[in-house]
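Visitor: Before we begin, could you show me the chain and its fold, so that I can ask how the terms used for it are justified?
Guide: Here it is, and we can then take the terms in turn.

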Amino acid sequence: MEYRFLGKSGLKISELSFGTWITVGDQTDVEGAFQLMKQAFDSGINFFDNAEVYSKGNSEIIMGKVLKKAGWKRSDLVISTKIFWGGEGPNDRGLSRKRIIEGTYASLKRMQQDYVDLIFCHRPDIHTPVEETVRAMNQIISQGMAFYWGTSEWSAAQIKEACHVARANNLIPPLMEQPEYNFFRRQRVEMEYLPLYEETGLGTTTWSPLASGILSNKYVEGIPEGSRFSLKQYKWLRDKRLDSPEGKEKVLKAAKLKKIADQAGLTLPQLAIAWCLKNPHVSSVILGASKPCQLKENLKAREAVPLLDDTIISKIEEILANKPEGEKDWRI
Ligand code: NDP
């Protein structure tokens, strides 16, 4: 396993990391999660990602039990959580100071941890002044509840504003962003955030490298039993990500991309994950896996990165036809 610096910080995280959305809590219990997390840890993964909203807190509870059971040295781990959706009450959503502090206390309690290494604002909150959020995240750090703070799915302008507010008040700015990044969603990581990597030292921990599993090509002939899109409680996700016109187009493209993977002697998940890893602005690709065999297959993506030469990349671009374009130079 290779370790990359998280943006311009001194923290090193494994370039492949372990995510818990849906898999830990909805698809696996403590024993199942233990098997997966042990496999990840034994393969060199040090970063384990979670969020207060995953399985309504159950994912954090299970992860906490696994960490206790495994007994790994705490300093060998980088653990995250994300705050935004904490419940149904009027103060249970968003990024107010009350929400952030209470949400973090509750997350740490569920995970049986004194602190997390990384804490993310899970989405932007257009109702809370950004200075309130920046100050609350700084309070979390100064109270020792987290070491670094960041954002998830914030626009470049929102991240810049938070950095500006932090600097103007001698506070710690956000270090990292957690965006979706895969063959189908590229604009932010490849274009919008470009100035931030240098200017603010932004690191990225990217999510859904397989577009929720579509990039395994298993949805080409329907929905396999037990797969993510077969889960009753995630029908909303299936409607949005698979049954929508965009979802159907992704399934068709996955079948075409699989041919490129075959020619390179890779599986499609390996090709898709290696492609994410090839981007130097990605600090860590967060893997999702509901079964040990998936994790085993996906971990091999690291070895596939050198195979992605210009010929393969241009074949991929031809199928995707979505390469982000920068500002037009009107002088040319
Ligand atoms: P992926 O897009 O990689 O999807 C993972 C799912 O795809 C697995 O759970 C499995 O689902 C299926 N899969 C994985 N590997 C294979 C394989 N080799 N063959 C066949 N099927 C496979 O990642 P996620 O969407 O899970 O995202 C990864 C992590 O990112 C999350 O766990 C979470 O930590 C984070 N995240 C963050 C978000 C944010 O807003 N900040 C949003 C979403 C995720 P199954 O077996 O059930 O079909």
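Guide: Keep in mind that this is a predicted model. Starting with the second largest pocket, α7 (187-192) and α14 (310-320) each supply at least two residues of its lining.

Visitor: Which residues line the second largest pocket, and what makes a residue part of the lining?
Guide: A lining residue must have an atom within 4 Å of a point of the pocket, and the residues that line the second largest pocket are Y181, R186, E190, M191, W275, K278, N279, P280, I313, E317, K323 and P324. The volume of this pocket is about 270 Å³.

Visitor: How do the residues of that lining divide by class?
Guide: The lining has six nonpolar, one polar and five charged residues; Tyr, Trp and Pro count as nonpolar, so Y181, W275, P280 and P324 are among the nonpolar ones.

Visitor: How do you know that β3 and β4 pair?
Guide: Pairing requires at least two bridges between the strands, and two bridges join β3 (residues 16-19) to β4 (residues 47-49), so the pair, which runs parallel, meets the requirement. Within it, G19 stands opposite D49 in β4.

Visitor: In what order do the strands close into a barrel?
Guide: Eight strands close in the order β3-β4-β5-β6-β7-β8-β9-β10, with parallel pairing. Helix α5 (residues 130-142) packs on the sheet, where α5 touches β6 (116-121) and β7 (146-151), and the direction of α5 makes about 155° with that of β7.

Visitor: What is the handedness of the crossing where α2 passes α3?
Guide: The crossing is right-handed, and helix α2 (residues 30-42) packs with helix α3 (residues 58-70) at an angle of about 60°, their axes being 9 Å apart. The residues of this contact divide into nine nonpolar, no polar and three charged.

Notes: Residues are numbered from 1 along each chain as its sequence is written. This is a predicted model: local features need pLDDT of at least 70, side-chain atom pairs count only at pLDDT 80 or more; totals for chains, interfaces and linings use all residues. Side-chain values use heavy atoms; hydrogens and water are left out. On a 1 Å grid over the protein atoms alone, a cavity is a set of points where a 1.4 Å probe fits but cannot get out, and a pocket is an open set with protein on both sides within 12 Å along at least five of seven lines; lining residues have an atom within 4 Å of a point. Grid points are joined across faces, edges and corners, and a volume is the space filled by probe spheres set on the points. Helices (H or I, at least four residues) and strands (E, at least two) are DSSP runs, numbered from the N terminus. Contact means heavy atoms within 4.5 Å. Axes are lines fitted to C-alpha atoms, for helices over the stretch in contact, and angles run from 0 to 180 degrees between N-to-C directions. A crossing is left-handed if the near helix is turned anticlockwise from the far one by less than a right angle, and right-handed if clockwise.
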